[in-house]
Amino acid sequence: MGIKKVGLNRTVQPQTLKEKVLFLDFMKGLRTTIKHLFRKVITVDFPFELIEPAPRFRGVHGLRNVDGTEKDDFEAWVKKLKIKPPEPGETRCIGCKFCQAACPVPEIFVIKTEKLDVPEDHPYHGLKVLSQFDMDLSKCMFCGLCTLACPTICIIHTDIYDLSTYTRNGWVLNKETLSKIADDFIARRGKEKYDDKSNWPDWQKIWDDRDTARAKAWDNNPPRLGPNYADQH
Amino acid sequence: MSWITLDKINRLKEKFDFVQVNENDKGFHSVEVPKENFKQFLKFLKEDPDYQFKMFIDWTIIDHGEKADPRFQGILILFSPEYRERIIVKTWATDETLPTLTDMWAGAKWAEREAWDMFGIRFEGHENLVRMFMWETYQHHPLRKDFPIRGYEEVELPSLNEEERADQLEGLQNYSRMHTALPTMEDIEITQRKRLPKKKAQIVLNWGPLHPGTHGTIWFLFDMEGEYVQQCDIIIGQLHRGVEKLAENLNVQQIIPYTDRMDYIASINENHSVCVAAEKLLGIHEKIPEKAKYIRTMMAELSRINSHLLWLGTYALDLGALTMFLYTFREREKLMDIFEGITGARFTINYFRVGGVYADLPYGSLDAIEHFLKDFPERLKDYETLLTRNRIWLRRNIDVGIITEEDVYSYGLTGAVARASGVPYDLRMIDKYDAYGDVEFDVPVGEKGDSYDRYLVRVEEIKQSVKIVQQCIQKLRKMSKNDPFFFEPEDKKMKITIDGRGTKLFKGEVYAGTDNPRGELGVYIYMPKDGIKPYRFRLRSGAFYNLQIFPKLMIGRPIADAITILSTIDPVVGETDR
Ligand code: SF4
Ligand code: SF4
């Protein structure tokens, strides 16, 4: 640890007469640029060629449905919040509003549950279902706090990044749309991101290393991914 | 820790009977002096050989609420380069006035204008006390506690959709036609006149607010005689979003994504400042898990490389070297890929948390970073071949915008700007936060303080960052995948969560920060009692104070130097305006 002095005459020599007269500084510069001239193209031909976002990428939200990969305490949460036990294919959301509480801009969410209208002797009597879940993504800053707060890993970030619409209204997504987004994402890339208990596994990769579009940015020589830590495989 | 010792502070009390010492259990002691003796006391602090608090850091206000009397308190933070210590001096602003400090530290000029703008405190003796961010005819002082967080919604502003396409938007989620006040053309004209009250020369040239050379929305006024600038002023605030006000209504983890939007080029470093400050307030900074410390150090340095690459590219572009821009952006792209994979976002990162980081490194991260570092030094050499000894580069940079050591102290300059003037002020060395105490690196310092030195210092900083990242990787490789990356408090009273819900701050105050690519981003948190929301959350922006010296450097220089000087000071508007 120390102090390193830099400056003209300290670490950089001023131009010599020879360099000045023969324009050696420009020559050297030109040599560099010519060297780079023969390198491969690194830009991606968007929109014909797309880079697949990383598994952790924080894009448009989705609401996951029950698919058998819930965490062990899922049932306990359902019971605690007096929610009708969801069938497979129904939303995992239990209306706990933890996501809204964690969000720096809580106005984004409108979350409502309603009591089921069933006779008194019905087993679901007194239980609730999620009736409304709207998100106004025009106010969202994609910080990821809501997804970390969700106890059932219901609200997630997907890899969708193109969310422009013609009206403000187009940014307000309701629970059906959000569910569809999540289903589509989980079908495509769920295995890359979650293990069978919906947690982030330690084999979750920094990005898909077979992505040829991404490889272009790395001069067609992308890094070979391996374990980070001594005891990881 | 770089703070004044209790012993030294008590000696002040013996010397002056009006001094009141506030002890702090985390070591951030402060002194309080009455307004009448304030200047006298500061003069002593600045000049006495045992103290030498020469360097200006920050000067701001706390509003103690409408019921308190006196209501406002001035907070001055100083640094002693000799003893590497900081001190907080407080004084009550009775009658909503305070004496000006501009005659002692030139840096106080903008600080006082900001305090007037945000709190409505008048500074007696200030040469031109105009607003800093808002326009001159604006009526309110937004950081006062009685100003509502949503502002006063005074003007009706229907959406263009509604006006032109007759879309019925009312009733949609969150749509309201009422907005807070906006400046009209007249307001802007009045503002501009007040900034340059006395014209010296013939022409006033407006540069900005939307000009590619300003790298953001800054508005420069040059009062010019021929090609030479006689007088200069800067109007900022077009990007002012009131981050401090927002922060005072959120819990500390929720503040972090807002800081992403300040210095959006180095958002990791901005996050880092908030984390370090809040951890120091809670007294847990030393107890953060080793793994988190090294990950944070590594990411912060990668972010510094990223930021300096962007700076180098755009700076060279501004001076006419377009190739550099393309070359640096190519390397930057790889870094952005790494950030995307590890943190989930390319730009607005929000990866650090008070207490660690939100997730462990994903599989393959260290390999990707190593792969990037492998050919990076060669690229850096290419950049240097193109620029460092190029005759045009030398002519346009050498002896342009010389900043002296005195200026550094007086204006409170930090970061590479200070170091290029020969002041080895680097918080990584002084505070040794996170893992900086355990890695080897050098702090580059310049000689003359001209633009060329600032260029050399930043390029050297990139090399040092590479060195730090390599050491962090080596260290991380030896760790286990099961090592914690987030701090679990044993103390029952403390609650820290990754998603922020319920994260509590303790009573007390703290000033801490990190050394960011654009200078020191300091965070001052004041908590009168335990709670979730910080009562006063001050962001001391390095870019803001660095930009302040620009008018001084421009006087007597030709207009073409404005580009060079601005680029080497390297402010980012998101952070100057907050
Ligand atoms: S990503 Fe952040 S801002 Fe967006 S909804 Fe979630 S918590 Fe709120
Ligand atoms: S936190 Fe999850 S389960 Fe709770 S309301 Fe939000 S999305 Fe639904």
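Colleague: Which residues lie nearest the centre of the second largest pocket?

Modeller: In this predicted model, A:L148, A:N199, A:W200, B:Y358 and B:A359 lie nearest the centre of that pocket. The lining as a whole comprises 42 residues.

Colleague: What volume does the second largest pocket have?

Modeller: The volume of the second largest pocket is about 840 Å³.

Colleague: And how do the lining residues divide into nonpolar, polar and charged?

Modeller: The lining of the second largest pocket holds 22 nonpolar, 8 polar and 12 charged residues.

Colleague: Which elements of chain A each supply at least two residues of that lining?

Modeller: Two elements of chain A do so: the helix α5 (145-149) and the strand β5 (155-157). A:L148, one of the residues nearest the pocket centre, has a number that falls in the range 145-149 given for α5 of chain A.

Colleague: Let us turn to B:N350. Where does B:N350 lie in chain B?

Modeller: B:N350 is in the loop that runs between α10 (322-343) and β13 (352-353) of chain B.

Colleague: Is B:N350 buried or exposed?

Modeller: B:N350 counts as buried, because its relative accessibility is 0% and the cut-off for buried is under 20%.

Colleague: What is B:N350 in contact with, leaving aside its neighbours within four places in sequence?

Modeller: From chain A, B:N350 is in contact with A:R58, A:C143 and A:L145. From chain B, the contacts are B:I256, B:P257, B:D260, B:N271 and B:Y358. B:Y358 also appears among the residues nearest the centre of the second largest pocket.

Colleague: Now A:E70. Where is its place in chain A?

Modeller: A:E70 sits in the loop between β2 (61-63) and α3 (74-80) of chain A.

Colleague: Why does A:E70 count as buried?

Modeller: A:E70 has a relative accessibility of 13% and therefore counts as buried, the cut-off being under 20%.

Colleague: Which residues does A:E70 touch, not counting those up to four places away in sequence?

Modeller: A:E70 touches A:N65, A:R92, A:K197 and A:S198.

Colleague: How far apart are A:E70 and A:P106?

Modeller: Their C-alpha atoms are 26 Å apart in space, and the two residues are 36 apart in sequence.

Colleague: Finally, chain B as a whole. How many helices and strands are there?

Modeller: Chain B has 20 helices and 18 strands.

Colleague: How does its radius of gyration compare with that of a compact globule?

Modeller: Chain B has a radius of gyration of 24 Å, which agrees with the value near 25 Å for a compact globule of 578 residues. Buried residues make up 65% of the chain.

Methods:
Residues numbered from 1 in each chain as written. Chains lettered and ligands numbered in written order. Predicted model: local features only at pLDDT ≥ 70, side-chain atom pairs only at ≥ 80, totals over all residues. Heavy atoms only, no water. 1 Å grid on protein atoms, 1.4 Å probe; cavity = no way out; pocket = protein on both sides within 12 Å on 5 of 7 lines; lining within 4 Å. Points joined across faces, edges and corners; volume = space filled by probe spheres on them. Helix = DSSP H or I, 4+ residues; strand = E, 2+ residues; numbered from the N terminus. Nonpolar A, V, L, I, M, F, W, Y, C, P; charged D, E, K, R; others polar. Rg over C-alpha atoms; globule rule 2.2 N^0.38 Å. Buried < 20%, exposed > 50% of the residue type's maximum accessible area, 1.4 Å probe, protein only. Contact = heavy atoms within 4.5 Å.
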